[in-house]
Amino acid sequence: MTNSAHPDLDQLLVAWAHTQRLPDADAQRIRQAIIPPVPALEGSWWSEFNHKLSTAITRATTTPVPAFAALH
Amino acid sequence: MPPSRDDAAVFTQIFDQHRHTVHAYLLGRVTDPELARDLLQETFLRAWRRLSELAPLPADKQRAWIFTVARNLTIDSYRADATRQAAEATLHQQAATQPTTVAGPHLHAEFGERLAQLDAAIRRLPEQQRVILSMATAGGLTSRQIGEALGEPAGTIRYQLSQARTQLAAALDLEDDP
């Protein structure tokens, strides 16, 4: 007998196993409780990076080509 | 020292690979879902602290390492009388109330009733059989993998599973067809 009203043992065990599984949301809460937050890059790193990038862009787009070539 | 992004990624991979089976094992041992979650967290906290030792191991050795920790934590929790008594109280309380909590509203009423009977019967199984059944069904492990995790021959695991199924079929008045 394997219909839903008269399930066999395998059907019942599959359904039972489903009720036992740890929900993903709970698992994520546990994982986050274990791993301390990974520190982000410091603000000064981004500031310096942006400064270098904007300087390079400005130089490449505003300096005449011969003068730019002479710089390198 | 704060963790690196690589450490976090390696740990997450190990956590995701083993969390279902370890949880199934712990639930089989203690039967109390809240205690099982606490022990799961403690197990993986220790894995995190020993990540440099654990990460290089192959998956089967990682599983054995993690299950050793989980088993020891379960034994420790048994030693704490208050914890054990709370778990037993929860066990009895859940056995009494499970028919309304196991059956989801989407399930046919009769199916839900049979599911509740199964849950109660599983809780009455000897602990080792309950653990193995939980690892096989909820954890999705093969007999060989369960054997490796528990330090038992696969044949012993298959025998215990068969015994558990026979008892469950008898308790539910079902024909077992393994």
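At 49% relative accessibility, A:Asp24 falls in the partly exposed class. That residue makes a handy way into this predicted model, since its side chain reaches across to the other chain: A:Asp24 and B:Arg19 form a salt bridge whose closest N and O atoms sit 3.3 Å apart. B:Arg19 belongs to helix α1 of chain B and A:Asp24 to helix α2 of chain A, so this pair joins two chains. The arginine end has rather little surface left, as B:Arg19 is buried with a relative accessible area of 8%, against a cut-off of under 20%. The bridge does not stand alone, either: through shared partners, salt bridges link A:Asp24, B:Asp16 and B:Arg19 into one network.

Another cross-chain bridge involves the far end of chain B's helix list. Here the side chains of B:Arg165 and A:Asp10 meet at 2.9 Å, N to O. The pair runs from helix α9 (residues 154–171) of chain B to helix α1 of chain A. Burial splits along chain lines once again: B:Arg165 is buried at 12% relative accessibility, while A:Asp10 is partly exposed at 34%. In total, three salt bridges are counted between chain A and chain B, out of eleven over all chains.

Now for the interface as a whole. Chain A puts 31 residues into the contact and chain B puts in 38. About 3,200 Å² is buried between the two chains, with carbon and sulfur atoms giving 70% of that area. On the chain A side, the residues that lose the most area to chain B are A:Leu9, A:Trp16 and A:Ile34, which together make up 22% of what that side buries. On the polar side of the ledger, seven residue pairs are in polar contact across the interface, with both residues at pLDDT 80 or more. The elements of chain A that give two or more residues to the side touching chain B are α1 (9–20) and α2 (24–34). Of that side, α1(A) provides the largest share, ten residues.

Taken by itself, chain A is a helical affair, with four helices and zero strands. Of its 72 residues, 22% are buried. Its accessible surface comes to about 5,100 Å², and 63% of this belongs to carbon and sulfur atoms.

Chain B is built from helices too, nine of them, again with zero strands. Buried residues account for 48% of its 178 residues. The accessible surface of chain B is about 9,000 Å², 50% of it from carbon and sulfur atoms. As for contacts in chain B with a separation of 6 or more, 65% are between residues 24 or more positions apart.

Aromatic side chains give a closer look at the inside of chain B. Six aromatic pairs turn up over all chains. One of them is the stacked pair B:Phe11 and B:Phe15, at 5.9 Å centre to centre with 25° between the planes. These two residues are four apart in helix α1 (residues 5–30) of chain B, which means about one helical turn separates them. B:Phe11 is buried at 1% relative accessibility, and B:Phe15 is buried too, at 0%. The edge-to-face pair of B:Tyr25 and B:Phe67 has ring centres 5.3 Å apart and planes at 80°. B:Tyr25 sits in helix α1 and B:Phe67 in helix α4 (residues 59–79) of chain B, so this pair ties together parts 42 residues apart in sequence. Neither ring is left out in the open: B:Tyr25 is buried at 1% relative accessibility and B:Phe67 is buried at 0%. Back at the stacked pair, B:Phe11 and B:Phe15 join B:Phe44 and B:Trp48 in one aromatic cluster.

Chain B also holds a salt bridge within a single helix. The side chains of B:Arg123 and B:Asp119 meet at 2.8 Å, N to O. Both residues lie in helix α6 (residues 109–124) of chain B, four residues apart, or about one turn of the helix. Both B:Arg123 and B:Asp119 are buried.

Conventions. Residues are numbered from 1 along each chain as its sequence is written. Chains are lettered from A and ligands numbered from 1 in the order in which they are written. Side-chain values use heavy atoms; hydrogens and water are left out. Buried means under 20% relative accessible area, exposed over 50%, partly exposed in between (1.4 Å probe, protein chains only). Accessible areas come from the Shrake-Rupley method with a 1.4 Å probe; for residues, only the protein chains shown count as cover. Rings of Phe, Tyr and Trp (its six-membered ring) pair if their centres lie within 6.5 Å; planes under 30 degrees apart count as stacked, over 60 as edge-to-face and the rest as tilted. Contact means heavy atoms within 4.5 Å. Buried area is the accessible area (1.4 Å probe) that two parts lose on being put together, summed over both. A salt bridge is a side-chain nitrogen of Lys or Arg within 4 Å of a carboxyl oxygen of Asp or Glu. A polar contact is a pair of N or O atoms within 3.5 Å; within protein, one must be able to donate a hydrogen and the other to accept it, and residues adjacent in sequence count only if both atoms are side-chain atoms.
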